[in-house]
Amino acid sequence: MSWCTIESDPVVFNEMIEKFGVKDVEVVEVPVLDVDELNRMGPIYGMIFLFKWKPVKREVAVVDADNVYFAKQVVTNACATQAIINILLNAEGVEIGKELTEFKNFTLPLDPEQRGECMGSQEVLRAVHNSFSRPQCFSFEETAASADDDAYHFTAYIPKDGLVYELDGLQPGPIIAGSSDDQSKWLYEVVPLLQSRVSEIQALDAKGNGLMFSLLAVTKDRLSMLRQQLTEAKTEAEEVMIRNQIDDVQEARKRGHEENVRRRHNYIPLVVSCLKALAQTGRLKDIADEAQKRSAEKLEAKRAAKGKK
């Protein structure tokens with residue numbers, strides 16, 4: 001069984017790692033690439049850079065670092081999940097749960113390629129990952145991405161033993177991206193690095209289409225941090241403020257869980273029933289014709305806009 005495509009949404013990733021058995025860890029979106037803003041999030045175990053992939057060869061120096069756990073990506077559609085797992089298996093002081101602990105212990109003696117093979121065939125990890133895929137009417141044969149395809153890639157960055165490593169599943173091993181004697185200040189090293197990577201990706205946008213990218217951080221769970229702060233509150237006003245923040249986080253997670261339920265729900269029978277009802281009333285053809293007309297107009301407008309550049 002293959003790995004399915006899932007949405008690159010922190011709401012999805014958070015419920016996924018919870019199902020893996022990971023405790024007190026959260027994946028959050030990074031709206032601003034700023035060290036001060038990142039420090040306000042609490043301890044950050046790793047950063048994930050998502051970008052539109054282009055088949056351009058990068059000159060990188062891969063190292064053989066026995067102290068870094070790295071699994072090469074050998075299966076498709078598992079890029080985001082693998083980036084998160086690579087971060088978790090290198091994070092210190094994190095309870096990663098029974099499944100990931102056993103997986104790490106079993107694959108630790110293997111090389112990155114073999115670890116990737118084991119990850120691709122690990123039933124629990126694959127089942128949890130695939131549980132977040134959307135139901136589809138059709139299954140398409142996978143082909144290698146071309147230069148014009150919208151293919152996206154995830155690269156992880158972690159601090160480890162005084163160095164900053166880039167974990168790119170398309171490379172044969174980890175890459176030393178920087179150094180930081182004080183691991184608590186590794187963000188001062190990785191932020192300029194990520195800013196440089198963003199510039200590199202944007203430079204590849206020869207057609208001016210806009211190469212999309214986003215940043216995620218794997219951090220200590222906000223709810224657990226707030227609950228700890230609540231026990232240390234010194235005034236009633238401070239306690240009320242923290243309780244309100246806890247309520248906000250819990251409400252946001254409730255909405256996130258509802259989003260994930262809707263993601264997994266199979267709406268195909270409902271859509272088919274609606275199409276049948278429209279056909280029976282004789283309205284389906286007119287609606288389809290109007291939709292095709294609007295689609296053609298949008299395509300023509302897009303071509304015209306490109307021609308003006």
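In this predicted model, the second largest pocket encloses about 810 Å³ of space. Of the 32 residues that line this pocket, those closest to its centre are Asn14, Glu26, Asp221, Arg222 and Arg253. Helix 1 (10–20), strand 1 (25–29), helix 8 and helix 9 each supply at least two residues of the lining, and the largest share, seven residues, comes from helix 9.

Two of these contributors, helix 8 and helix 9, also pack against each other: helix 8 (residues 222–231) and helix 9 (residues 236–264) meet at an angle of about 160 degrees, with their axes 10 Å apart. Because angles over 145 degrees count as roughly antiparallel, helix 8 is roughly antiparallel to helix 9. The crossing in which helix 8 passes helix 9 is left-handed.

On the side of helix 8, the contact is made by Arg222, Leu223, Leu226, Arg227, Gln229 and Leu230, which meet Glu239, Ile242, Arg243, Gln245, Ile246, Val249, Gln250 and Arg253 in helix 9. Arg222 and Arg253 therefore belong to this helix contact and are also among the residues closest to the centre of the second largest pocket.

The make-up of the pocket lining and of the helix contact is set out below.

| Set of residues | Nonpolar | Polar | Charged |
|---|---|---|---|
| Lining of the second largest pocket | 12 residues | seven residues | 13 residues |
| Contact of helix 8 with helix 9 | six residues | three residues | five residues |

How values were computed
Residues numbered from 1 in each chain as written. Predicted model: local features only at pLDDT ≥ 70, side-chain atom pairs only at ≥ 80, totals over all residues. Heavy atoms only, no water. Axes fitted to C-alpha atoms, helices over the stretch in contact; angles between N-to-C directions. Helix = DSSP H or I, 4+ residues; strand = E, 2+ residues; numbered from the N terminus. Parallel < 35°, antiparallel > 145°, perpendicular 65-115°, else oblique. Left-handed = near helix turned anticlockwise from the far one by under 90°. Contact = heavy atoms within 4.5 Å. Nonpolar A, V, L, I, M, F, W, Y, C, P; charged D, E, K, R; others polar. 1 Å grid on protein atoms, 1.4 Å probe; cavity = no way out; pocket = protein on both sides within 12 Å on 5 of 7 lines; lining within 4 Å. Points joined across faces, edges and corners; volume = space filled by probe spheres on them.
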